[in-house]
Amino acid sequence: MMAQLRAQRAPSAGPEGTATSASAEVRATTYLVRTEADASHARLAARMLCESLGGRGYECQKVATAVSELARNQISYAGGGTIQLAPQLAPKRLLRVSAEDSGQGIPDLERVLSGTYKSKTGMGLGLLGVKRLADRFDVRTGPTGTQVDFEVWL
Ligand SMILES: Nc1ncnc2c1ncn2[C@@H]1O[C@H](COP(=O)(O)OP(=O)(O)O)[C@@H](O)[C@H]1O
Ligand SMILES: [Mg+2]
């Protein structure tokens with residue numbers, strides 16, 4: 001069974017009559033996540049990329065924390081995975097993060113995202129925390145793996 005969830009912040013109204021330009025995506029980078037050091041590396045890369053896109057310190061800290069959370073979940077529950085960081089400049093300045101793994105999936109996504117799931121460690125942001133800080137959030141999970149995508153609009 002494939003569980004999925006999508007959430008999106010209501011788009012802000014752009015200037016009237018503005019033509020939607022083709023989206024300008026700058027180079028995306030993919031990080032392999034196997035160890036704690038890899039997770040730290042991905043976290044740092046996310047923060048630096050966010051800052052280079054002009055994100056504010058607080059926003060970039062949030063992005064870094066979310067990347068770290070997803071990387072740690074990959075290590076703890078899926079034997080590792082990959083994290084792709086994809087900056088976009090137009091039509092909207094944002095950083096898109098895609099965390100993918102080939103693990104066994106999240107057993108009860110509904111509960112995790114409703115907040116009724118109680119973490120065994122009680123540490124960290126949790127998937128729900130990532131969802132709360134994201135401007136767009138999307139999870140697909142099933143017996144062959146998990147993909148979490150989120151965007152932060154800068
Ligand atoms: N990538 C993943 N693959 C499989 N299961 C996952 C993954 N990420 C999270 N989970 C499951 O979802 C639960 C909730 O994750 P999370 O909200 O990060 O809280 P915590 O990691 O503290 O338990 C985890 O306990 C785990 O069972
Ligand atoms: Mg976690």
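Strand 4 and strand 5 form a hairpin with three residues between them. Helices (H or I, at least four residues) and strands (E, at least two) are here DSSP runs, numbered from the N terminus. The structure is a predicted model, in which local features need pLDDT of at least 70 and side-chain atom pairs count only at pLDDT 80 or more, while totals for chains, interfaces and linings use all residues. Residues are numbered from 1 along each chain as its sequence is written, chains are lettered from A and ligands numbered from 1 in the order in which they are written, and side-chain values use heavy atoms, with hydrogens and water left out.

The two strands of the hairpin pair in the antiparallel sense over seven bridges; strands count as paired if DSSP finds at least two bridges between them. One of these links can be picked out by eye: Ile83 has Ala99, in strand 5, as its bridge partner. Strand 5 also has a link to strand 7 (residues 145-153), to which it is joined by eight bridges, again running antiparallel. Here Leu94 has Trp153 of strand 7 as its bridge partner. How much of strand 5 is covered? Seven of its eight residues are buried, where buried means under 20% relative accessible area, exposed means over 50%, and partly exposed lies in between (1.4 Å probe, protein chains only).

Strand 7 is also home to Glu151. This residue counts as buried, because its relative accessibility is 6%. Its C-alpha atom is 5.6 Å from that of Leu95, although the two residues are 56 apart in sequence. With neighbours within four places in sequence left aside, Glu151 is in contact (heavy atoms within 4.5 Å) with Leu94, Leu95, Arg96, Ala134, Asp135 and Arg136.

It helps to step back to the whole chain. The protein chain holds four helices and seven strands, and these follow the pattern β-β-β-α-α-β-β-α-α-β-β along the sequence. Of its 154 residues, 40% count as buried. Among contacts between residues at least 6 apart in sequence, 67% join residues at least 24 apart.

Attention now turns to helix 1. This helix has 17 residues and reaches 24 Å from its first C-alpha to its last, close to the 24 Å expected at 1.5 Å a residue; the expected span is 1.5 Å times one less than the number of residues. Which residues of helix 1 are buried? They are Ala39, Ala42, Ala45, Ala46, Leu49 and Cys50. These residues sit on the same side of helix 1, because they cover an arc of only 130 degrees around the axis, the arc being that of the directions from the helix axis to the C-beta atoms. A general rule is handy here: an α-helix has 3.6 residues a turn, so residues three or four places apart point the same way. On the other side of helix 1, Ala37 and Ser52 are exposed. The cover over the buried residues of helix 1 includes strand 3 (29-33), helix 2, strand 4 (81-90) and strand 5 (94-101).

Helix 1 and helix 2 are also linked by a disulfide, taken here as a pair of cysteine sulfur atoms within 2.5 Å. By this rule the count is one disulfide. The partners are Cys50 and Cys60, with their sulfur atoms 2.2 Å apart. Cys50 lies in helix 1 (residues 36-52) and Cys60 in helix 2 (residues 57-78), so the bond ties together parts that are ten residues apart in sequence. The torsion about the S-S bond of Cys50 and Cys60 is about -80 degrees, which means that the disulfide is left-handed. Both cysteines, Cys50 and Cys60, are buried.

Between helix 1 and helix 2 runs a loop that contains Gly54. Gly54 comes just after helix 1 and takes a positive phi of about 95 degrees. It counts as partly exposed, because its relative accessibility is 49%. The C-alpha atoms of Gly54 and Arg93 are separated by 8.9 Å, while the two residues are 39 apart along the chain.

Helix 2 also contributes to a metal site. Which residues coordinate the magnesium ion (ligand 2)? Glu69 (OE) and Asn73 (OD1) do so, at 2.1 to 2.2 Å. Donors are N, O and S atoms within 2.8 Å of the metal (3.2 Å for Na, K and Ca), and sites may look incomplete because water is not among the atoms. Glu69 and Asn73 both lie in helix 2, four residues apart, about one turn of the helix. Glu69 is buried, with a relative accessible area of 10%, and Asn73 is buried too, with a relative accessible area of 19%.
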